[in-house]
Amino acid sequence: MAQEAWGTIAWLKETTGIKHPDTLKTKILFPFRKELENFVRYPNKKGEPWKFHKDNMQNWLDKNFYRVWGR
């Protein structure tokens, strides 16, 4: 069976090891929004789900590790 292409905020938490959604937002999702908008669905209002294209998000995290986490 094929892997689901889209992930949730829970998937991103597991992928990054960041446990709190607010930390994901302040460390990754808001500072790099312009870069991520092509493959991240940002909610329009509170309560709407976040969606992440898993392959694209994982590639971005791999390529931008030092920008996010520092050296």
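Buried means under 20% relative accessible area, exposed means over 50%, and partly exposed is in between. I'm keeping that at the top of the page because Glu-35, at 32%, falls in the partly exposed class. Also for the record: this is a predicted model.

**Entry 1: salt bridges**

I searched the whole structure and got four salt bridges. I wrote up three pairs, including Arg-67 with Glu-35, where the closest N and O atoms are 2.7 Å apart. Arg-67 is in helix α5 and Glu-35 is in helix α3 (residues 33-36), so this pair ties together parts that are 32 residues apart in sequence. Arg-67 is partly exposed, with a relative accessible area of 45%.

Next I looked at Lys-25, which forms a salt bridge with Asp-22 at 3.9 Å between the closest N and O atoms. Why are these two about one helical turn apart? Because they sit three residues apart in helix α2 (residues 21-29). I have Lys-25 down as partly exposed at 21% relative accessible area, and Asp-22 as partly exposed at 44%.

Then I checked Glu-48, which bridges to Arg-41 with 3.2 Å between the closest N and O atoms. Glu-48 comes out partly exposed at 23%, and Arg-41 gets the label partly exposed at 33%.

**Entry 2: aromatics**

I counted seven aromatic pairs. One of them is Trp-11 with Phe-52, a tilted pair at 6.4 Å centre to centre and 35° between the planes. Trp-11 lies in helix α1 (residues 9-16) and Phe-52 in strand β3 (residues 51-53), so the contact ties together parts 41 residues apart in sequence. Is Phe-52 buried or exposed? Phe-52 is buried, with a relative accessible area of 0%. Trp-11 is buried too, at 17%.

I also asked which residues join Trp-11 and Phe-52 in one aromatic cluster. The answer is Phe-30, Tyr-42 and Trp-50. While I was at Tyr-42, I noted that the charged end of Arg-33 sits over the Tyr-42 ring, 4.2 Å from the ring centre.

**Entry 3: the surface**

Last, I went looking at the outside. Phe-65, Tyr-66 and Trp-69 form a nonpolar surface patch, with about 330 Å² of accessible area together. Tyr-66 lies in helix α5 (residues 65-69), the helix that also holds Arg-67 of the bridge to Glu-35. Why does Tyr-66 count as exposed? Because its relative accessibility is 52%, and the cut-off is over 50%.

Notes
Residues are numbered from 1 along each chain as its sequence is written. This is a predicted model: local features need pLDDT of at least 70, side-chain atom pairs count only at pLDDT 80 or more; totals for chains, interfaces and linings use all residues. Side-chain values use heavy atoms; hydrogens and water are left out. Patches are made of residues with over 30% relative accessible area and no salt bridge: like charges are joined within 9 Å, nonpolar side chains (Val, Leu, Ile, Met, Phe, Trp, Tyr) within 5 Å. Accessible areas come from the Shrake-Rupley method with a 1.4 Å probe; for residues, only the protein chains shown count as cover. A salt bridge is a side-chain nitrogen of Lys or Arg within 4 Å of a carboxyl oxygen of Asp or Glu. Helices (H or I, at least four residues) and strands (E, at least two) are DSSP runs, numbered from the N terminus. Buried means under 20% relative accessible area, exposed over 50%, partly exposed in between (1.4 Å probe, protein chains only). Rings of Phe, Tyr and Trp (its six-membered ring) pair if their centres lie within 6.5 Å; planes under 30 degrees apart count as stacked, over 60 as edge-to-face and the rest as tilted. A charge sits over a ring if NZ of Lys or CZ of Arg is within 6 Å of the ring centre and within 35 degrees of the ring normal.
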